[in-house]
Amino acid sequence: MRSRPLLEQPVDDLALQLRVHLAAGRPREAAAAVRALAQTLGSGCPIAPPSSCAPEVAVYAAIAAALDARAGEGAVATPSKEASTPDEVALLAADLASGAARLAILDGIGSDASADHRELVGLLRAEAVLEGPEGTADPCDAQVPRASARQLLESPAAALAGMRWIAIQRALLEQLAARPKLAGGCLRLRGRLALAAAAFESIAAEHEQARRWALVASEDLGGDTSEREEAALLRTAAELRAGDLTRARAALATLGVAGEPARPYHALLDLHEHRDFGSFHGKHGADPGNPRWMSIMPGKLEEMADGDGAALAREWPPEALELLALGTTVRTGKRALADHLRSGAYSRYGLAAAGTLEIAAERQGEPRVLGDVRGAAREHRRLALDRAYGVPLALVGGP
């Protein structure tokens with residue numbers, strides 16, 4: 001049976017409900033779903049004492065109010081400065097404010113905030129300063145974790161989980177990209193943001209966008225050896241996912257990455273070129289520098305790599321996705337695998353699954369499946385980059 005569009009899928013999880021409603025342009029319904037959960041927790045907290053749920057109730061109520069405000073219904077009040085007020089409440093209010101009003105709210109968030117929240121504070125602050133008159137403050141002290149090429153190859157889902165604020169990052173990146181002359185901290189910030197954007201687009205199977213931002217990152221981070229090396233490796237990883245061996249080799253060779261960090265990428269190039277997992281595992285599988293999926297459960301992975309689509313559909317560990325995307329050719333059981341690919345695109349794993357499944361379907365020559373998963377990947381990507389809902393969605397379970 002042909003899979004239904006993402007927006008028609010039945011959902012139980014709040015994050016999925018929110019994603020479905022927002023993707024369909026229904027912020028009021030999204031707000032109602034969050035408010036209903038807040039009311040449920042407020043009237044019957046499942047843990048003792050009942051007051052234990054108070055912070056969650058406050059956060060969910062604030063998310064609902066923020067969604068209503070985005071829909072043009074009401075405004076979000078200035079958050080209380082009481083110590084018991086969760087940081088998420090202030091972050092949601094700051095997201096809806098601008099200029100000096102946003103900066104004042106952000107100044108009220110203490111230094112004891114989590115690293116994740118401090119990252120968002122920096123991004124929101126930089127966004128506000130960049131939108132104001134030039135020279136009023138330094139907009140480029142925001143901290144952005146460095147995207148990992150190894151994680152992109154090892155587990156796209158884990159890599160995506162580290163991009164919680166990708167919508168805000170991308171909006172800030174576009175602002176910085178529009179400025180012709182950058183130096184110092186602003187140049188480095190743009191490079192870090194571009195590196196994250198390249199990893200995100202590679203996960204989403206948007207290979208041209210991944211190339212675009214990977215090149216920006218390589219240029220902006222070229223003055224730091226460690227950053228330059230990571231940018232080169234991420235370009236290589238992205239090209240491996242795109243299936244462009246020539247560009248992948250060029251990213252390693254031209255940028256001068258050699259030795260231990262480059263070893264798994266050369267191994268994957270070998271796998272791509274020869275499509276022989278049996279000999280590949282004997283040659284490279286025990287290398288501790290390789291992505292984890294290369295060495296665990298070797299017997300099962302070799303069985304899958306032999307091209308049995310039914311085995312892939314039956315077992316389907318996360319590692320099988322990467323085998324399909326990075327080297328395995330299915331020879332038998334294509335129908336069983338095609339059905340599994342088609343249903344898997346709409347799973348709760350969202351963009352990471354849909355993007356990798358798109359790559360796999362394209363490699364396997366499954367045009368019907370490719371159309372389904374490509375549509376799912378585009379829906380997930382559009383929502384993940386929607387600046388208007390980036391903070392509420394991330395606080396519930398995005399991107």
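Let me start with helix α20, where G350, L351, A352, A353, A354, G355, T356, L357, E358, I359, A360 and A361 are all listed as buried. What we are looking at is a predicted model, and everything I say this morning should be heard with that in mind. In α20, 12 of the 14 residues are buried, so this helix is largely enclosed by the rest of the structure. For its geometry, the 14 residues should span 20 Å at 1.5 Å a residue, and the end C-alpha atoms are indeed 20 Å apart, which agrees. Just after α20 comes G365, whose phi is positive, at about 65 degrees.

Before I go on, a word on the chain as a whole. The protein chain has 399 residues, and buried residues make up 52% of them, while its secondary structure comes to 22 helices and 0 strands. If we take the contacts between residues at least 6 apart in sequence, 66% of them join residues that are at least 24 apart. The chain exposes about 17,300 Å², and carbon and sulfur atoms supply 51% of that area.

Now, which residues of α10 does α20 meet? On the α10 side they are F200, S202 and I203, and on the α20 side they are L351, A352, G355, T356 and I359. Sorted by class, this contact has 5 nonpolar residues, 3 polar residues and no charged ones. The axes of the two helices, α10 at residues 184-203 and α20 at residues 350-363, come within 8 Å and cross at roughly 65 degrees.

Staying with α10, I would like to point out R190, which is found in this helix. Is this arginine, R190, buried or exposed? With a relative accessible area of 12%, R190 is buried, because the cut-off for that word is under 20%. If we leave out residues up to four places away in sequence, R190 touches L173, L176, A177, R179, L182, V216 and D220.

Following α10 along the chain, we reach the loop between α10 and α11, and that is where A205 sits. Most residues other than glycine have a negative phi. A205, however, has a phi near 65 degrees, a positive value in a residue other than glycine. A205 also counts as buried, at 7% relative accessibility.

Let me turn next to α9, which has 12 residues that should span 16 Å at 1.5 Å a residue, and the end C-alpha atoms are 16 Å apart, in agreement with that expectation. Its buried residues are I166, A167, I168, Q169, R170, L172, L173 and L176. What covers them includes α6 at residues 115-131, α10, α11 at residues 207-220, α21 at residues 367-384 and α22 at residues 390-396. Two of these buried residues, L173 and L176, are also among the residues that R190 touches.

Also in α9, which runs over residues 166-177, is Q175, and here the burial is a closer call, because at 21% relative accessibility Q175 counts as partly exposed, whereas buried would mean under 20%. Setting aside neighbours within four places in sequence, Q175 is in contact with E127, L130 and E131. Q175 and E131 are 44 residues apart in sequence, and their C-alpha atoms are 8.6 Å apart in space.

From α22, one of the helices covering α9, I will pick out L393, which lies in that helix and is buried, with a relative accessible area of 4%. The C-alpha atoms of L393 and W165 are separated by 9.4 Å, although the two residues are 228 apart along the chain.

Finally, I come to α2, residues 27-43, with 17 residues and a reach of 24 Å from first C-alpha to last, close to the 24 Å expected at 1.5 Å a residue. Where on α2 do its buried residues fall? These residues are P27, A30, A31, A33, V34, A38 and L41, and, seen down the axis of α2, they fall within an arc of 160 degrees, so they line one face of the helix. What covers them includes α1 at residues 14-23 and α3 at residues 54-70, whereas on the other side of α2 we find Q39 and S43 exposed.

Terms used
Residues numbered from 1 in each chain as written. Predicted model: local features only at pLDDT ≥ 70, side-chain atom pairs only at ≥ 80, totals over all residues. Heavy atoms only, no water. Helix = DSSP H or I, 4+ residues; strand = E, 2+ residues; numbered from the N terminus. Expected span 1.5 Å × (residues − 1). Buried < 20%, exposed > 50% of the residue type's maximum accessible area, 1.4 Å probe, protein only. Arc of directions from axis to C-beta. Contact = heavy atoms within 4.5 Å. Areas by Shrake-Rupley, 256 points an atom, 1.4 Å probe, with all protein chains shown as cover. Axes fitted to C-alpha atoms, helices over the stretch in contact; angles between N-to-C directions. Nonpolar A, V, L, I, M, F, W, Y, C, P; charged D, E, K, R; others polar.
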